[in-house]
Amino acid sequence: MGVKRIILKGMKSHSVLPTLLGMSLYVIYSIFPYSSSNVPTKSLLPTYDFIIVGGGSAGNVMANRLSEIEDWDVLLLEAGADGSAIYDVPTLAPTLQGSEIDWNYTTEPNENYCLAMENRRCHWPRGKVLGGCSGINYMLYIRGAKKDYDIWEQQGNPGWSYQDVLPYFLKSEDNRSPKYAKTPYHSTGGYLTVEEPRWRTPLAAAFIQAGQEMGYKNRDINGERHTGFMIPQGTIRDGSRCSTAKAFLRPAMSRKNLHVAMKAHVTKILIDPSTKRAYGVEFVRDGETVRVHANKEVIVSGGTINSPQLLMLSGIGPKEHLSKHGITVIQDLRVGHNLQDHISVGGLTFLVNEEIALVQSRLNNISNILEYVISGDGPLTTLGFNEVVGFINTKYANASDDFPDLQIHIWTTGDFTESSRKSFGLTREFYDAVLKDVHNKDGWSAYPTLLRPKSRGIIELRSNNPFDYPLIYPNYFKEPEDMAKLIEGVKFIVEMSQTASLRRFGSKLNPNPFPDCKHIPLYSEPYWECMIRSFPLTVAHPVGTCKMGPKSDPQAVVDPWLRVYGVTGLRVIDSSIMPNLISGNINAPTIMIAEKGSDMVKEKWLTKLDVYQ
């Protein structure tokens with residue numbers, strides 16, 4: 001999709017940034033469009049050594065690393081199109097979710113959550129563009145806690161401890177902050193640029209100070225300890241988004257052994273039912289059904305929603321569920337189960353008494369646009385308004401473990417626009433009653449986020465039609481402890497708003513009550529629970545639907561070397577293999593998984609030995 005189309009779409013939907021900004025950037029970036037090597041169908045080879053399904057956060061890493069071997073022919077298939085420089089403006093991140101480069105998934109209706117959303121369906125953004133979710137996310141570079149990975153190993157996954165995975169984080173990273181790059185926890189020279197936004201509001205420093213008043217240090221949360229507050233680093237380069245398409249794929253595009261085919265929707269993995277060997281894929285492109293074979297492996301990197309859907313369509317999944325849809329069962333595995341997601345509290349908005357926040361009326365400024373375009377600086381470089389993150393302990397956590405149970409995302413805007421309403425899927429009635437009054441007013445918002453939910457969901461097929469979206473049941477708050485922790489998070493934010501650092505700006509909670517909660521005593525624990533059920537907000541971190549685990553684990557879909565149980569020549573390498581959610585944003589860990597996975601593939605095929613038996 002070209003720049004002009006997303007600008008026009010944004011104009012029609014009352015984009016966060018008005019017409020002046022959109023048209024100015026369009027004029028500038030139309031001079032410098034992205035150029036990609038999109039191989040036409042007629043030029044594709046009949047057979048490749050490796051076929052990678054999905055050009056997202058993991059797939060682009062795999063394409064780069066496997067095509068480093070000149071003797072291997074590699075095909076990368078992506079259902080979406082290429083990006084555009086307009087998508088790389090960091091502050092535009094909220095407008096990309098819900099746009100044409102988003103799959104625009106929604107969960108199935110439920111009586112226990114997303115009650116303030118249209119048809120009680122939560123919006124689940126997923127990138128449908130080269131770069132995948134790294135092309136539409138908020139760019140935060142966060143790895144999680146050390147203990148997350150040690151638990152993975154303890155669950156029967158050798159080679160996945162923190163000490164094992166740290167080298168793969170370092171392998172990708174090109175950290176441009178001298179104070180971090182020189183520590184043992186960071187590196188330079190990798191494909192993935194990591195740096196701090198070059199501009200911030202005065203509120204950012206106030207949040208760091210407020211965290212200190214609440215007992216939390218300002219520290220590198222990717223370093224020695226994970227608990228604390230930080231001005232986050234992001235996957236940005238010179239003030240612009242650095243997706244895996246920009247970081248990993250574009251440098252490899254000129255390799256003759258790498259073919260990239262966009263707008264290619266993979267509908268089936270080809271598997272020989274007698275030998276249970278994957279030998280290729282089937283995809284639809286420009287109305288034509290195409291089959292391509294793989295000599296060595298098919299690697300599925302479609303993500304937590306698309307990967308299980310493709311496996312099930314191909315005969316790999318729960319036997320009863322596949323039979324229900326008339327799909328021949330090749331391997332009975334618990335595909336689609338173990339679904340986990342980071343859920344946060346929406347609607348915690350505070351007003352301030354100074355003109356210091358990011359609001360639409362002041363972003364629409366030609367000087368801001370020119371500052372961004374000329375120097376990669378200014379308010380357009382913020383990570384989608386997210387200026388501070390914190391990792392805190394509720395009363396349910398053991399503070400001595402350095403294993404915080406809540407993450408706090410803090411936005412230096414309380415400006416909920418019409419575009420925000422559509423992006424979150426809120427009903428008109430809720431928006432008008434609660435958030436319309438704060439449009440164009442200075443303020444801030446905080447999103448307490450549950451890091452390791454106990455509740456588990458499931459993804460199922462809607463039908464055997466590969467173009468029908470799957471059924472998504474996140475089962476938020478099924479376990480009472482999940483709700484209890486989020487209520488503690490709300491109370492923490494309210495208390496933080498009363499620190500000296502934030503009182504000096506007159507921080508005051510938006511006084512408009514949630515409509516469905518008016519009958520409950522205001523700001524009581526039952527009120528907070530009602531509020532959370534009305535407006536829970538996914539942080540878009542679904543994982544776990546192709547769980548990695550030992551053969552003894554009945555929930556496991558792939559082994560610790562990411563090979564699908566019972567099927568040869570097939571791996572899943574993306575966020576869906578995570579056995580448990582990590583304690584932070586999942587993009588950096590997904591890239592790590594692909595770095596480690598590519599080495600596993602290389603070790604098998606370059607040594608000619610299956611060292612993992």
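1. In helix α5, which spans residues 146-154, the buried residues are D148, Y149 and W152. Viewed down the axis of α5, these buried residues fall within an arc of 85°, so they line one face of the helix. An α-helix has 3.6 residues a turn, so residues three or four places apart point the same way. The model under discussion is a predicted one, and the points below should be read with that in mind.

2. As to what this face meets, the buried residues of α5 pack against α6 (162-172) and against α19 (587-607). After the helix comes G156, whose phi is positive, near 105°.

3. The packing of α5 against α6 can be followed through one ring pair: the centres of the Y149 and F169 rings are 6.0 Å apart and their planes stand at 70°, so the pair is edge-to-face. Y149 belongs to helix α5 and F169 to helix α6, 20 residues apart, and the pair thereby links distant parts of the chain. Y149 has a relative accessible area of 0% and is buried, while F169, at 2% relative accessibility, counts as buried too.

4. On the side of α19, A588 deserves a look, since this residue lies in that helix and is buried, with a relative accessible area of 5%. Setting aside residues up to four places away in sequence, A588 touches Y141, I142 and F169, the last of which is also the α6 partner of Y149 in the edge-to-face pair. The C-alpha atoms of A588 and S134 are separated by 9.4 Å, although their positions lie 454 residues apart along the chain.

5. Aromatic pairs number 24 in a search of the whole structure. Among them is a stacked pair formed by Y138 and W411, with 5.5 Å from centre to centre and 25° between the planes. Y138 lies in the loop between β4 (123-124) and α5, whereas W411 is in strand β19 (residues 406-411), so the pair ties together parts that are 273 residues apart in sequence. Both Y138 and W411 are buried. Elsewhere, F416, F424, F430, F514 and F535 form one aromatic cluster.

6. Strand β19 also holds H409, which counts as buried at 5% relative accessibility. The side chain of H409 makes a polar contact with the side chain of Q407, at 3.2 Å. Leaving aside neighbours within four places in sequence, the residues in contact with H409 are L140, N386, V388, V389, S445, A446, Y447, T449, V539 and N585.

7. Two lysines place their charged ends over tryptophan rings. The charged end of K128 sits over the ring of W103, 4.5 Å from its centre, and that of K604 sits over the ring of W605, 4.8 Å from its centre.

8. On confidence, the protein averages a pLDDT of 93, and 93% of the residues score at least 70. A reservation applies to residues 1-19, over which pLDDT stays under 50, and for which the model has 43 contacts beyond four places in sequence. Where pLDDT is low, the predicted coordinates should not be read in detail.

Definitions and conventions. Residues are numbered from 1 along each chain as its sequence is written. This is a predicted model: local features need pLDDT of at least 70, side-chain atom pairs count only at pLDDT 80 or more; totals for chains, interfaces and linings use all residues. Side-chain values use heavy atoms; hydrogens and water are left out. Buried means under 20% relative accessible area, exposed over 50%, partly exposed in between (1.4 Å probe, protein chains only). Helices (H or I, at least four residues) and strands (E, at least two) are DSSP runs, numbered from the N terminus. The arc is that of the directions from the helix axis to the C-beta atoms. Contact means heavy atoms within 4.5 Å. Rings of Phe, Tyr and Trp (its six-membered ring) pair if their centres lie within 6.5 Å; planes under 30 degrees apart count as stacked, over 60 as edge-to-face and the rest as tilted. A charge sits over a ring if NZ of Lys or CZ of Arg is within 6 Å of the ring centre and within 35 degrees of the ring normal. pLDDT is the predictor's confidence in each residue, from 0 to 100. A polar contact is a pair of N or O atoms within 3.5 Å; within protein, one must be able to donate a hydrogen and the other to accept it, and residues adjacent in sequence count only if both atoms are side-chain atoms.
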